[in-house]
Amino acid sequence: MSVASRLGLFTLALVVVFAAAYGVGAVAGPTPLAEQAHDAPAAGGHEEAPSAPGGLAVAADGYALDQIAAPATAGEAGEYAFQIVDAQEQAVTGFELSHERRLHLIVVRRDLTGFQHLHPRMDAEGTWRTPMTLPAAGAWRVFADFRPDGLDRQVILGIDVQVGGDYAPVPLPGPAAMTTVDDYSVTAEGALTAGRTSRLTMRLAESGTPVTNLQPYLGAYGHLVALRAGDLAYLHVHPQESDTAGAEIAFDVEVPAPGSYRLFLDFQHDGVVRTASLTAVA
Ligand SMILES: [Cu+2]
């Protein structure tokens with residue numbers, strides 16, 4: 001739903017609530033009227049709930065992802081090229097730095113396998129390009145995560161890329177507090193709670209020995225992407241400053257609703273960036 005139509009519905013809901021409150025007040029006196037009119041927006045979660053997830057639309061907030069080229073053959077080295085265009089269909093060229101980059105490109109197959117985190121380069125005309133290989137057939141989701149100059153928030157647009165061939169979807173792994181990548185184990189502490197911001201703390205060990213010298217990656221000790229299973233909604237995640245530098249990574253994750261979420265953690269150790277993934281349920 002667009003912001004405009006969402007606001008429209010919200011206004012409509014308020015009108016209905018005020019009308020209903022007036023009717024009640026006429027019978028029961030002024031107190032219920034005031035309470036109902038005041039409580040209605042909060043009961044709908046308008047003020048306390050996290051902001052809506054991004055990535056569900058190819059156009060949002062006055063910007064659109066205009067895809068120019070995408071890999072079409074599984075396993076073949078290709079290129080992904082696109083522009084971010086404004087409401088006048090002009091390519092946007094001014095972007096703010098966010099996590100040390102002007103644009104983050106996240107790629108994952110719709111069964112939440114094959115995660116990639118890429119940083120395309122933009123030319124003077126506003127065309128972004130990056131080498132890309134999609135290793136297997138299926139529908140892949142590409143997310144562009146960016147902040148145009150002058151905007152006070154990130155915009156996340158999503159688009160599908162179809163790769164032909166035999167598609168063998170992988171079932172979502174069950175929820176787990178621990179996962180591994182190469183010789184590393186990653187343990188997540190904290191629970192996702194629907195309707196609010198949840199703190200998650202990740203601790204790493206290499207071959208059983210706790211890692212205490214993580215290296216900064218994209219301006220933090222880790223970069224977390226959280227996608228909702230079912231629709232691949234892209235959640236807002238904020239890395240937290242850590243008191244124990246390089247030993248753990250904490251994030252605040254805005255969880256809009258109950259469901260299963262796939263978490264992808266990029267971290268850097270000994271000069272290598274790795275991605276660990278696990279499923280969490282809110
Ligand atoms: Cu990035």
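This passage walks through a copper site, the sheet around it, a second sheet and two residues with unusual backbone angles, all in a predicted model.

We start with the metal. Three histidines hold the copper ion: His104 through ND1, and His117 and His119 each through NE2, at 1.8 to 2.0 Å. Read along the chain, these donors follow the spacing H-x12-H-x1-H. His104 sits in strand β4 (residues 103-109) and His117 in strand β5 (residues 116-118), so that this pair, 13 residues apart, links distant parts of the chain. As for solvent, His104 and His117 are both buried.

The two strands that carry these histidines also belong to a sheet. It is an open one of 4 strands, running in the order β5-β4-β8-β9 with antiparallel pairing. At its edges stand β5 and β9 (155-163); each has a single partner strand, so one side of each lacks a neighbour in the sheet. On average, neighbouring strands here are turned by 20 degrees against each other, ignoring direction. Between β4 and β5 the antiparallel pairing spans 3 bridges, and Val107 has Gln116 of β5 as its bridge partner.

Another open sheet, this time of 3 strands, has the order β14-β17-β18, again with antiparallel pairing. Its edge strands are β14 (223-228) and β18 (272-281), and because each has a single partner strand, one side of each is left without a neighbour in the sheet. The average turn between neighbouring strands of this sheet is 20 degrees, direction ignored. Strand β17 (residues 260-269) pairs with β18 in the antiparallel sense over 10 bridges. Within the sheet, Phe267 stands opposite Arg274 in β18.

That leaves the backbone angles. Most residues other than glycine have a negative phi. Asp61 goes the other way, with a positive phi near 55 degrees. This aspartate is found in the loop between β1 (59-60) and β2 (63-69). Its relative accessibility is 34%, so Asp61 counts as partly exposed, lying between the 20% and 50% limits. Ser207 is a further non-glycine residue with a positive phi, of about 50 degrees. The loop that holds Ser207 runs between β12 (196-206) and β13 (209-210). With 59% relative accessibility, over the 50% limit, Ser207 counts as exposed.

Note on methods: Residues numbered from 1 in each chain as written. Predicted model: local features only at pLDDT ≥ 70, side-chain atom pairs only at ≥ 80, totals over all residues. Heavy atoms only, no water. Donors = N, O, S within 2.8 Å, 3.2 Å for Na, K, Ca; no water. Buried < 20%, exposed > 50% of the residue type's maximum accessible area, 1.4 Å probe, protein only. Pairing = 2+ DSSP bridges. Axes fitted to C-alpha atoms, helices over the stretch in contact; angles between N-to-C directions.
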